[in-house]
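Open the model in your viewer and keep the sequence panel in sight. We will go from stop to stop, selecting residues as we go.

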Amino acid sequence: MNLLSVENLSKAYGEKPLFDKISFGIEQGQRVALVARNGAGKSTLLNILNKKDIADEGNVIFRNDIRVSFLEQEPHFDMNLTVYDALFFSENEHQKVVKAYEIALETNDSKKIEEAMLLMDSLNAWDYEAKVKQILFKLKISWLNQKINSLSGGQLKRLALARVLIEEPQLLIMDEPTNHLDLEMIEWLENYFTRNDITLLVVTHDRYFLDNVCTDILELENRKLYRYKGNFEYFIEKKAEREFNEIQELDKAKNLYRRELEWVRKMPKARGTKSKSRVDAFRQLEDKIAGKRKTEELKLNVKMSRIGGKILELKKVYKSFNNISILKGFDYTFRTGERIGIVGKNGIGKSTLLNIIAGLENADSGKINLGETIVLGYYSQKGLQLKEDKRVIEVVKDIAEVIPLSDGSKLSASQFLQLFQFPPEMQYTFVSKLSGGEKKRLYLLTVLIKNPNFLLLDEPTNDLDLLTLSTLEDFLISFKGCLLIVSHDRYFMDKLVDQLFVFEGNGVVSGFSGNYSEYREKLKVEEKEVKDEKINRKDNEKLEVVNSKKEKLSYKEKFELESLEKEIQHLEERKKQLLEALQNPLLHHEQLAKYTEELADVNTLIDDKSFRWLELSERA
């Protein structure tokens, strides 16, 4: 069943065509990714689907009476609303019933609570409410009474994501959904999409997300749309095949073009009707060659400043905000060529460490000793702080008119911009006219142009297209200096880092030798070992009880045996209370998590005390 049909859609801005007569459809259950270079028209296409832009020609047809939700890259909310009101705003019947139920609970109106519970029963909305609580818990949204205007950019993006998931649309259209999520949230989101029957159209640069979630990939290139039935790995394979075939076709076209060009030049000005068709064919061939012109690859062979023996030392560094500890006595001495990734939950202090190294924030105490030869290059989340009326080439020339390369040669600012996919016609474009990805690419250029030998990269992959990502990775692989990277892009991290700083919370930072996937495997093994050890311990304790000798109990042990009977009885009563509480549909998601954790602790205590009671009673 087709939920969305796009037919012969075209769009251009002035003389810049984005796409020409593209068509595609999305059927129920398909999870489709849209990939393209920065500025190729991905966001424009989503805006047309969202009725925020108008196509020059063509049709967009959604199936009648389906719920469609959009997650924009920059979410927009009424700043005066509370988080609670922003979450439950749609006409979804389940949402309206759950909202009425929650309001009745807040006002403690018994009559309204009873009415709301009857409605919840009639719509079978209890499962929906449990699902809402799970979404809020996993995305760490517990600030329901806060005003929207008090939230950070990352909190707004998570709120927008929670809202579209809560809406339960039949078609979900998303622009970069993994931006501002930590790695744990991204992995949960992947599982959520694959386990639930959700139809997706998503723009994302996250290659593991593409590989794990998507069933189809649409590639927008040279104004045309190509469809690949498979995940990211299949897309890469088939794209390479297509480009190889097109290069061969292009070589043939070029030979024909040369012959046709010679013919056109020799033609008399008074063309007859017989030659008109040949002239038209020549024009079509000219357009074909222009459309398939091989794109120049991004090359980042920037000269790196010489690096000396002393690089960077952090000694007993402490940092906290509002009594929340970020770093507690952090010690590390960097060595030449180290490549370190930083992982941890959002808001735990990863970016703070980079800011302290870069000198943008002060530590509460401790020493940060930077080597005299170290030139820091810092790519921060805040991005490029420039006036919107500045031209692209002016941004580069403000830093350097001439750029030295690693082979001893030099490039002008204009030539350097061309290597970053800014052709001459774009170099005099105002910064305000660039797409989000193009601005990030320009920002990256301004960092690398300074010849750094120690790179601090804070979420460098956000909004970059796959070509730029791949080329940036190739550059960083050959980079001889030090790398310190904060990124939620697991593919990027796996490819570049060989050790991790793991922010565990409460100021604790541990080290791990390996990349992110290896770290996740280690955690899984440890979790299994802990579980197995617990099972073995219980089995051994049972065996010890069976094999123990019936020795006379001491007075202390007799007292312990009597006390254990009472303690076990109290624990069983508490267990019963917790189980009853967890069945309560009124339970807030924070209390749900608290009771679940307490129940696990109570079960452990019951097991431990029961084994001890059995051991003592056997000897009594």
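Two strands count as paired when DSSP finds at least two bridges between them. Keep that rule in mind for the sheets on this tour. One caution before we start: this is a predicted model.

**Stop 1: a sheet at the start of the chain**

Select residues 2–13, which are strand β1. Now add β2 (16–27) and β4 (57–62). Together these form an open sheet of three strands, in the order β2-β1-β4. The pairing is antiparallel. β2 and β4 are the edge strands, and each pairs on one side only. From one strand to the next, the twist averages 15 degrees.

How many bridges join β1 and β2? There are eight, in the antiparallel sense. To see one of the pairs, click K11 and find its bridge partner, F19, in β2.

Next, show residues 42–49. This is helix α1, which packs on the sheet and touches β1, β2 and β4. The direction of α1 makes about 125 degrees with that of β1.

**Stop 2: a second sheet**

Jump to β10 (residues 312–321). Add β11 (324–334) and β13 (365–370). Here is another open sheet of three strands, ordered β11-β10-β13, with antiparallel pairing. β11 and β13 stand at the edges with a single partner strand each, so one side of each has no neighbour in the sheet. The twist averages 20 degrees from one strand to the next.

β10 and β13 pair over five bridges. Pick L312 and look across to β13: L370 stands opposite. Then show helix α11 (residues 350–357), which lies across β10, β11 and β13. α11 runs at about 130 degrees to β10.

**Stop 3: salt bridges**

Side chains of opposite charge can pair when their charged atoms come close. The structure holds 30 salt bridges. Let us visit some of them.

Stay in this region and select K315 and E313. Their side chains meet in a salt bridge, 3.8 Å from N to O. K315 is partly exposed, at 41% relative accessibility.

Now select R335 and E338. The closest N and O atoms of this salt bridge are 2.9 Å apart. Which partner is exposed and which is buried? R335 is exposed, because its relative accessibility is 51% and the cut-off for exposed is over 50%. E338 is buried, at 7%.

Move to helix α9 (residues 232–266), where K238 and E241 sit three residues apart, about one turn of the helix. An α-helix has 3.6 residues a turn, so residues three or four places apart point the same way. The side chains of K238 and E241 meet in a salt bridge of 3.5 Å, N to O. K238 is partly exposed at 25%, and E241 is partly exposed at 38%.

Finish this stop by selecting R37, E219, E221, K239 and R242. Salt bridges link these residues in a network.

**Stop 4: two helices further along**

Select residues 466–478, helix α16. At 1.5 Å a residue, its 13 residues should span 18 Å; the end C-alpha atoms are 19 Å apart, which agrees. D465 caps the N-terminal end of α16, with a side-chain oxygen 2.7 Å from the backbone nitrogen of T468. Buried residues in α16 include L466, L469, L472 and F475.

Last, find K558 in helix α19 (residues 555–582). K558 is partly exposed, at 43%. Now select S617 as well. K558 and S617 are 59 residues apart in sequence, and their C-alpha atoms are 9.2 Å apart in space.

Terms used
Residues are numbered from 1 along each chain as its sequence is written. This is a predicted model: local features need pLDDT of at least 70, side-chain atom pairs count only at pLDDT 80 or more; totals for chains, interfaces and linings use all residues. Side-chain values use heavy atoms; hydrogens and water are left out. Helices (H or I, at least four residues) and strands (E, at least two) are DSSP runs, numbered from the N terminus. Axes are lines fitted to C-alpha atoms, for helices over the stretch in contact, and angles run from 0 to 180 degrees between N-to-C directions. Contact means heavy atoms within 4.5 Å. The expected span of a helix is 1.5 Å times one less than its number of residues. Buried means under 20% relative accessible area, exposed over 50%, partly exposed in between (1.4 Å probe, protein chains only). A polar contact is a pair of N or O atoms within 3.5 Å; within protein, one must be able to donate a hydrogen and the other to accept it, and residues adjacent in sequence count only if both atoms are side-chain atoms. A salt bridge is a side-chain nitrogen of Lys or Arg within 4 Å of a carboxyl oxygen of Asp or Glu.
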